[in-house]
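Reader: I am in my first year and would like to learn how to look closely at a single part of a protein model. Could you choose one strand and take me through it, step by step?

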Amino acid sequence: MSSARPERLWAIVEAEKGGVFRSDDSGKRWKLVNSENKLRQRAWYYSRLYADPKNPDQVYVLNVGFHVSKDGGQTFTSIRVPHGDNHDLWIDPDDPERMIESNDGGAAVTYNGGRSWSSIDNQPTGQFYRVTTDDRVPYRIYGAQQDNSTVSIPSRTTGFGIDESDWYSVGGCESGWIAPKPGPAEIVYAGCYGGAIGRYDHRTGQEREITAWPQLAIGLAPKELKYRWQWNAPILVSPHDPNTLYHAAQVLLRSRDEGQTWEEISPDLTRNDKSKQEASGGPITKDNTSVETYCTIFALAESPHEAGTIWAGTDDGLVQITRDAGKTWQNVTPKGMPEWIQVNSIDVSPHDKGTAYIAATMYKHDDFRPYLYRTTDYGQTWTKIVGGIPDGAFTRVVREDTARRGLLYCGTETGAFVSLDSGANWQPFQLNLPVVPITDMKVTASDLVISTQGRGFWILDDLTPVRELNASIAGKPLHLFGVRPAMRWNGFGGGTDEGGGAFGRNPANGVVVSYMLAAKPDEKSALTIEVLAGDTVLRTFTTRKAEGPPDPAIETLGEQKAGFNRFVWDMRIRDAKLVPNAIIWGSSDGPKVAPGAYRVRVRLGDTVAEQSFTITANPMTGTTIEDYRAQYELLKDCRDRLTDIHAAVLSIREMKAQIQAIVDRAAKMGKDAALKEPAKALIEKLSAIERRLVNPDIKSSQDVLNFPPSLDHSFAGIASVSSGADARPTAGSLILYRESNAKLTAVLADYKAIRESDVSGFNAAVTAAGVPPVGGE
């Protein structure tokens, strides 16, 4: 209804002679004003029409494009929007120039009637069908996102976060499975609707179509196709042979030459109900895109234990298995499972070759209950395992942990669940995850990676604590979980956002220490964490408040809470000890330790817990352990020399203050005549030493551009240069360090001589003048 002229009504009608209709008399009579196909194609998917609230002749129709008519519907022109497939529109009733429209890419706002729109790139709304990872370090994540490209994105970067500049498409299209080829070659197989599958080579950027039967499926009924490939047809690389590739239609196809040739290794594994293979839609409008192709293999898994043992699940409710690479197949569908259910995922246990899990969905039949099943005998018998998952949370995926037998993760329409007992009991595993449908899961590198339908990819970093969960932990005042190996990583950690907006978060850059506390620590039972190399304590952190002057060797531990806590050690020893407000152009950071074995000790009152852990080299750099150690030793020496310099400077400044205080006291006593000149001379000598060590004129971050730096900056500069990458220090850095250290030795020797000679002489003059000492000196 037009708010500008209430008797004017608009309708868009799906009919053989349909289109945009208008009534100017509140519906008594109607007139077809426009029948262009661009306004009414795929009617079930679009058919959205909106009247301008101020202009009775202006109306919008949303379809693949975004269309507007300003002449009562007679003609429509297209308005450029950020993304195609437009589904909804809000028009400000007071200011029609202001609109919000939604499309398959997100939501966009205009303030000028559509001449320009806000970005959709600031919304974490990616809808991914599946997720997989490769075997790189760090691993990359792959998925195909609805009405957009495929994505390969790193699980961590060296930057502040993970953003669009870090990912690239790997061919295929919005709907398909993705299968990276194992090994160093950057070959990825990616699917698309209609059975399309591409071999993408990231080194060349080329994608070669390798479809087994390149019949154009668009517009055809499934019964007319040689191969019924679903929109989301499975693609797998064999875990036993990187050159064996599978692609599933109603039969399973296999290629052993990267898609050059294919062979069928199964009969039709579906129910092959011909009544469900007619054209989609109708009788007015057909919609054959392959989304609606039915009686297909929808889930596929090859056993990691036995080559040629392959499980297949169909979208019409069957589970099939072959144990001889496809020569014979057996129907092992669970008894009692709904007849036409969609088997959405199959997971073969990483711990037992006869155990497998399936997740199935029945929501297309208005049944939103969870369906999960477990077999331990190759499908001869099944157990339904849904206890604890509520009705309404229908299940798309279940995966078993790769390290702990019986630890299961499940993705549902409403979020994540976890089971510690092979699925007998489930509990929510949501943590900070948005309430969002989970489409797939992958356990890799001790992380849990998930794909969602509307919130992109998420990673739960470090599953070590989950793998150790048991009932006995709850009663302990302190439980320290095992610490997984931490890789040296020359970048940032933690990211800038809680998994939203334009940035993804990086994992913590350091050693992650996880522990459970029965109660929040207090002063009587302070929590202390020590990091050790052998028996040497490298760092100490505590919640205990210092009594008196703080111990510089003990650092403050952040806020703790009852329950689960995490602490991240950045792999560094303590920073150099500098004078207050020191300005350093370079690095005064404590260096990262070299790869090797370390320990963490956690104390809570009288309770002490320890865990050993390792720091590993970054395999991407090729840096040897000897290189790491050489770098650490130089950086530690630079840190120690900086500490020596600033300790000497602090001593000099304290000494000069004491000299001035003595002279001031002598003046009040009328005894300063004999002390003024010796004091002045001594302060000048001490100041000269100080300036050789540091430049006191540098008081702001860029003063170094005006006031030449002193010896401290030589060590800070060497440290900055030598810590920029995981590498052995250059010859130049080592030579400059030796020269700088020789200069420092000479300066400190001069300072020692002044203390032993000039300072002693001044003290004798003070005594002779009868002036009491200051501060005991």
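Author: In this predicted model, strand E15 (residues 187-191) pairs with strand E16 in the antiparallel sense, and the pairing runs over 5 bridges. Let us therefore take E16, residues 197-201, as the part to examine, because 5 of its 5 residues are buried, so that the strand is largely enclosed by the rest of the structure. One pair to find on the E15 side is Val188, whose bridge partner in E16 is Tyr200. Between these two strands lies a hairpin with 5 residues, and in that hairpin Gly194 takes a positive phi near 75°.

If you now turn to the other neighbour, you will find strand E17 (residues 206-209), which pairs with E16 over 4 bridges, again in the antiparallel sense. Here Gly198 of E16 stands opposite Glu209 in E17. The hairpin that joins E16 and E17 has 4 residues between the strands, and in this hairpin Gly205 takes a positive phi near 75°.

With both partners in place, consider the directions in which the residues point. In a regular strand the side chains alternate between the two faces of the sheet. In E16, Ile197, Arg199 and Asp201 point one way, while Gly198 and Tyr200 point the other way, and all of them are buried. Since buried means under 20% relative accessible area, you can check this residue by residue on both sides of the strand.

Terms used:
Residues are numbered from 1 along each chain as its sequence is written. This is a predicted model: local features need pLDDT of at least 70, side-chain atom pairs count only at pLDDT 80 or more; totals for chains, interfaces and linings use all residues. Side-chain values use heavy atoms; hydrogens and water are left out. Buried means under 20% relative accessible area, exposed over 50%, partly exposed in between (1.4 Å probe, protein chains only). Two strands pair if DSSP finds at least two bridges between them.
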